[in-house]
Each structure stands twice: as structure tokens, then as C-alpha cells.
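User: I would like to go through a protein model, one question at a time. Please keep the answers short and end each on the value or name I ask for.

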Amino acid sequence: MAVRGGGPGHGWDPVEHGFPHLPVVRASITALYRRLSYDTVRTFGTSVTAGEVAFADTDELYTGAQRVARVLVGHLRLPDARLVVGFRDMTHAASVELAAGPEYFVELNSRFRCHRRDIGAALAHEVTHVFLHRLGLSFPGERENEILTDTAAAYLGVGWLLLDAFRQDELASQKLGYLTPEEFGYVLAKRAELFGEDPAVWFTSPQAYRAYVRGRETARRDALRPPLAAGGWAGRRRYALDRRYARAHPEHTPFPAGAADADGYVFEACSPPRVSFPCPTCHQRIRVPVRGRLRARCGLCRSVLECDT
């Protein structure tokens, strides 16, 4: 399993922006809750700090890399896992050999010999691969599995390092991971909502901070979609029109067609009529009666949601 990087002169991919992988990111958050449980997710309330993974130019390369790897292994609660870190010329930023363990071999791109500040970011992705491998949690496609890894790293407290490694100017750019910078910001904002953290103060890269702000704006809109009571006027008006149509044409339900795949609300033909919608925290779909104001509780992440159905 490898973590991608982007930068001129290295044959890596250019930086992609926006939210092209958001459905997989949301599915990844749901999968984490289902596999770990709400109680276990809550134990990751404190992110790894910059000081814990700091890498000074005076540090010995291999000793320092092993120290950072041990910090990340400890954060993800892998006490019996041992990472052996090496460096070589390669296309990707890093890779890990997922064997039976407890010893795992991680290779970092040779460029990190001179760019040591980002060793923690590259290792965060690979250690999370080991974590998910131990859990037996994966998605079927390689790309989807890499997105799951980036999402898990960010949601469990080590992936902010990957976003902070994003730097871009007129002459050069660098990005680590498979998520776009804005998608990393989205996941970090979801984590911040859950744990009350403010990752904005950790970023040394101004480009990373701007991406986080964009991701945070998108994350906040998840809590403003009908039938959640906090939904805006335009969304509530559209919801009322769709509800009226679903009641008048029960033969066309579920309605709107395909909305479940698009992470939107869906009216279902049953007695009493019901609407399903994604939980804004974990994105598991919740089904509630269509009967006005009510309070719903997500069975997966235990969020209590004020709804107006």
C-alpha cells in the first residue's frame, strides 16, 4: 500500500482540488463507526501533536524516523506492531508491506532524506494502513481503499499532518495522500465537531489552512440539510414540495429517485410515511416518520438530531 505525493520533478501527480471523492469519504466515516463502535472512536479524542513528530535537521535520519513511527503506532493503539523504516528511490511518497506482523516494513521516498519535516505525514498514512489491516477493514477497490486510509488517518487524529504537508506557490507544489486538500479539511472539520478541537492552529502551511476552511464550510452544510430543523429557507421549501409530491404519488416512492445514492433525503411509501436521510456526523441513514417536529437519535454515533419532517 502506498501514499501518493505531488511535486514537480518527481513524476508525481499534480494537485487536485475540490470534493471529487466525497461519497467515498462519507462512506469511510460510516465504516469506521461500524467497525470500531462509537465508544472506541471516542477514545481518539486527542490528536497527535506537532512536537511529538517533530524532526530536527540534527536528528539522525533512521533513528528519528523510527521514533516518529513509534509515536504514530502508539497513537493508533498498535502496541505490538513494529515498523522498520527505510528510504529508497520510488514513484510514490511511501509504501508499506502488509504482512502478518508484528513487524512491518515501510519505505519512504529518498526525497524525505532532505525534506524531513514531512516524514511524519508520510508515515501517518502508512501506519493507518497497518491499523486498518489489523482491523480487517477495507474497501474493494484500490483507490477507494486509499481514500478510506486517508479518511481514517484524519478522523482518528494523525491525518492533519498530511494536510499540513500541502504547500503550493508559483514554482512548486507538494501534496501527500489521495484526498484533495479540501477533502482533508472536510474530515478534520468533522473530527473537530466531534471532539471540540481546533486544528486551524496547527497548520504551518497557509495553503493547508485555506483548504481546511473550505472543507469546514462543506462539513457545516451537512447539518443544514432537510429534514434537519436547522435547514435553510430554500432547502425547507424544496423539501416541502418533495414531501407533497411523495404523498400525492406513493407509486413513485422512494422519491426523489437516486437521492439515497446522492446522500440526500428520500421519502418512502409505508404507513406511516417515512423519510430517510444521512446522519450529519457518521452518514449512516436514519429513518423517521413524516409527522412534523421530532428528535431523532442515530444508533451508530449516538447523535441527537432536531428534525422537522
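The questions and answers below cover pockets, core, strands, loops and backbone of this predicted model.

User: Which helix gives the most residues to the lining of the largest pocket?

Analyst: The largest pocket holds about 250 Å³ of space. Its lining has 13 residues, and Pro23, Arg26, Ala27, Asp263 and His283 are the closest to the centre. By type, the lining divides into five nonpolar, three polar and five charged residues. The most lining residues, six, come from helix 1 (residues 22-36).

User: Which helix supplies the largest share of the lining of the second largest pocket?

Analyst: The second largest pocket has a volume of about 220 Å³. Of its 14 lining residues, Ala50, Arg117, Trp160, Leu161 and Asp164 lie nearest the centre. Helix 4 (119-135) and helix 6 (160-164) each supply at least two lining residues. The largest share is three residues, and it comes from helix 6.

User: How do the residues lining the second largest pocket divide into nonpolar, polar and charged?

Analyst: The lining of the second largest pocket is made up of 14 residues. They divide into eight nonpolar, two polar and four charged.

User: Which helix provides the largest share of the largest nonpolar core?

Analyst: Nonpolar side chains tend to be buried together in soluble globular proteins. The largest nonpolar core here has 93 residues, and those with the most contacts inside it are Tyr33, Leu72, Leu108, Leu123 and Phe131. Leu72, for instance, touches Val48, Val53, Gly120, Leu123, Ala124, Val127, Val158 and Leu161, leaving out residues up to four places away in sequence. The largest share of the core, 10 residues, is from helix 4.

User: Is Thr149 buried or exposed?

Analyst: Thr149 is part of helix 5 (residues 142-155). Beyond residues up to four places away in sequence, Thr149 touches His125, Thr128, His129 and Leu132. Because its relative accessible area is 0%, and under 20% is the cut-off, Thr149 is buried.

User: Which residues of strand 12 point to the buried face?

Analyst: In a regular strand, side chains alternate between the two faces of the sheet. Strand 12 (residues 304-308) shows such alternation, with Val304, Glu306 and Asp308 on the face that is not buried. The side chains that point to the other face and are buried belong to Leu305 and Cys307.

User: Which residue of strand 12 does Arg295 stand opposite?

Analyst: Strand 11 (residues 293-297) and strand 12 run antiparallel and are joined by five bridges. Six residues lie between the strands of this hairpin, and Arg302 takes a positive phi near 70° there. Opposite Arg295 in strand 12 stands Glu306.

User: Is Cys298 buried or exposed?

Analyst: Cys298 sits in the loop between strand 11 and strand 12. Apart from neighbours within four places in sequence, Cys298 is in contact with Cys279, Cys282, Gln284, Ile286 and Ser303. Since its relative accessibility is 0%, Cys298 counts as buried.

User: What is the relative accessible area of Gly299?

Analyst: Gly299 is placed in the loop between strand 11 and strand 12. From C-alpha to C-alpha, Gly299 and Gln284 are 8.8 Å apart, with their positions 15 residues apart in sequence. Gly299 is exposed, and its relative accessible area is 66%.

User: What is the bridge partner of Gln168 in strand 7?

Analyst: Strand 6 (residues 167-168) and strand 7 (residues 173-176) run antiparallel, joined by two bridges. In strand 7, Ser173 and Lys175 point one way, Gln174 and Leu176 the other way, and all are buried. The bridge partner of Gln168 is Ser173.

User: What is omega of the cis peptide bond that joins Phe255 and Pro256?

Analyst: Pro256 lies in the loop between helix 9 and strand 8 (266-268). Another cis peptide bond joins Pro226 and Pro227, with omega about 5°, and Pro227 is in the loop between helix 8 (206-221) and helix 9 (233-248). For the bond between Phe255 and Pro256, omega is about -5°.

User: What is the phi of His283?

Analyst: His283 is found in the loop between strand 9 (274-278) and strand 10 (285-289). At 6% relative accessibility it counts as buried. Its phi is positive, in a residue other than glycine, and is near 70°.

Key:
Residues are numbered from 1 along each chain as its sequence is written. This is a predicted model: local features need pLDDT of at least 70, side-chain atom pairs count only at pLDDT 80 or more; totals for chains, interfaces and linings use all residues. Side-chain values use heavy atoms; hydrogens and water are left out. On a 1 Å grid over the protein atoms alone, a cavity is a set of points where a 1.4 Å probe fits but cannot get out, and a pocket is an open set with protein on both sides within 12 Å along at least five of seven lines; lining residues have an atom within 4 Å of a point. Grid points are joined across faces, edges and corners, and a volume is the space filled by probe spheres set on the points. Helices (H or I, at least four residues) and strands (E, at least two) are DSSP runs, numbered from the N terminus. Ala, Val, Leu, Ile, Met, Phe, Trp, Tyr, Cys and Pro count as nonpolar, Asp, Glu, Lys and Arg as charged, and the others, Gly among them, as polar. A nonpolar core is a set of buried Ala, Val, Leu, Ile, Met, Phe, Trp, Tyr and Cys residues joined through side-chain atoms within 4.5 Å. Buried means under 20% relative accessible area, exposed over 50%, partly exposed in between (1.4 Å probe, protein chains only). Contact means heavy atoms within 4.5 Å. Two strands pair if DSSP finds at least two bridges between them.
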